[in-house]
Amino acid sequence: MWNKPIKKLSRLFANVHLREKMFLFYIIGGVLPMLLADVYMYTSVRNVMIEQEKETEKDELSMIADSVNESIAVI
């Protein structure tokens, strides 16, 4: 099942010059993992920051509600 595509791929790769092979390995082994790590870090940091903002907003709304309740109690 996989023999035919693998043979075609190996023949195609055998006809590529060394410089192009090195560039391909650089892209696959260096740039692609770095990009994937960057995307993962960006999304995880973004989610953490969003959660922190939500907590901050909840705290601020709670303080405002307490202040309003206190003002109403004084009136």
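A residue is classed as exposed when its relative accessible area is over 50%, as buried when that area is under 20%, and as partly exposed in between. On this scale K58 counts as exposed, because its relative accessibility is 53%. The structure described here is a predicted model, and the following paragraphs treat its helices, its salt bridges and its surface patches in turn.

Helix α1 comprises residues 3-14. The distance from the first C-alpha of α1 to the last is 16 Å, close to the 16 Å expected for twelve residues at 1.5 Å a residue. Helix α1 is hardly covered, and the number of buried residues among its twelve is zero. K4 is located in helix α1 and counts as exposed, because its relative accessibility is 62%. On the surface, K4 gathers with K7, K8 and R11 in a patch of positive charge.

Helix α2 spans residues 18-74, and V74 belongs to it. The relative accessibility of V74 is 70%, so V74 counts as exposed. Between V74 and H17, which lie 57 residues apart along the chain, the C-alpha separation is 84 Å. S71 is likewise a residue of helix α2. With a relative accessible area of 37%, S71 is partly exposed; the value falls between the 20% and 50% limits that delimit this class. The C-alpha atom of S71 is separated by 29 Å from that of Q52, at 19 residues along the chain.

Two salt bridges are present in the structure. In one of them, E51 is paired with K54, and the closest N and O atoms are 3.9 Å apart. The two residues are three positions apart in helix α2, so about one helical turn separates E51 from K54. Both partners are partly exposed: the relative accessibility is 44% for E51 and 43% for K54.

A salt bridge also joins the side chains of K58 and E55, with an N to O distance of 4.0 Å. K58 and E55 both lie in helix α2 and are three residues apart, about one turn of the helix. The two partners fall into separate accessibility classes. K58 counts as exposed at 53% relative accessibility, whereas E55 counts as partly exposed at 42%.

Helix α2 also contributes to the surface patches. E53, which is placed in this helix, gathers with E57, D59 and E60 in a patch of negative charge on the surface. The relative accessible area of E53 is 47%, so this residue is partly exposed. Residues that form a salt bridge are left out of patches, and a relative accessible area of over 30% is required; the 47% of E53 is therefore sufficient for inclusion in the negative patch.

A nonpolar patch of about 500 Å² is made on the surface by F23, L24, Y26, I27 and I28. Of these residues, Y26 is found in helix α2. Y26 counts as exposed, because its relative accessibility is 53%.

In summary, the predicted model contains a helix α1 without buried residues and a helix α2 that runs over residues 18-74. The surface carries a positive patch that includes K4, a negative patch that includes E53 and a nonpolar patch that includes Y26. The salt bridges E51 to K54 and K58 to E55 each link residues of helix α2 that are about one turn apart.

Notes: Residues numbered from 1 in each chain as written. Predicted model: local features only at pLDDT ≥ 70, side-chain atom pairs only at ≥ 80, totals over all residues. Heavy atoms only, no water. Helix = DSSP H or I, 4+ residues; strand = E, 2+ residues; numbered from the N terminus. Expected span 1.5 Å × (residues − 1). Buried < 20%, exposed > 50% of the residue type's maximum accessible area, 1.4 Å probe, protein only. Patch = residues over 30% accessible without salt bridge, like charges linked within 9 Å, V, L, I, M, F, W, Y side chains within 5 Å. Areas by Shrake-Rupley, 256 points an atom, 1.4 Å probe, with all protein chains shown as cover. Lys, Arg positive; Asp, Glu negative; His and termini not counted. Charge placed at Lys NZ, Arg CZ, Asp CG, Glu CD.
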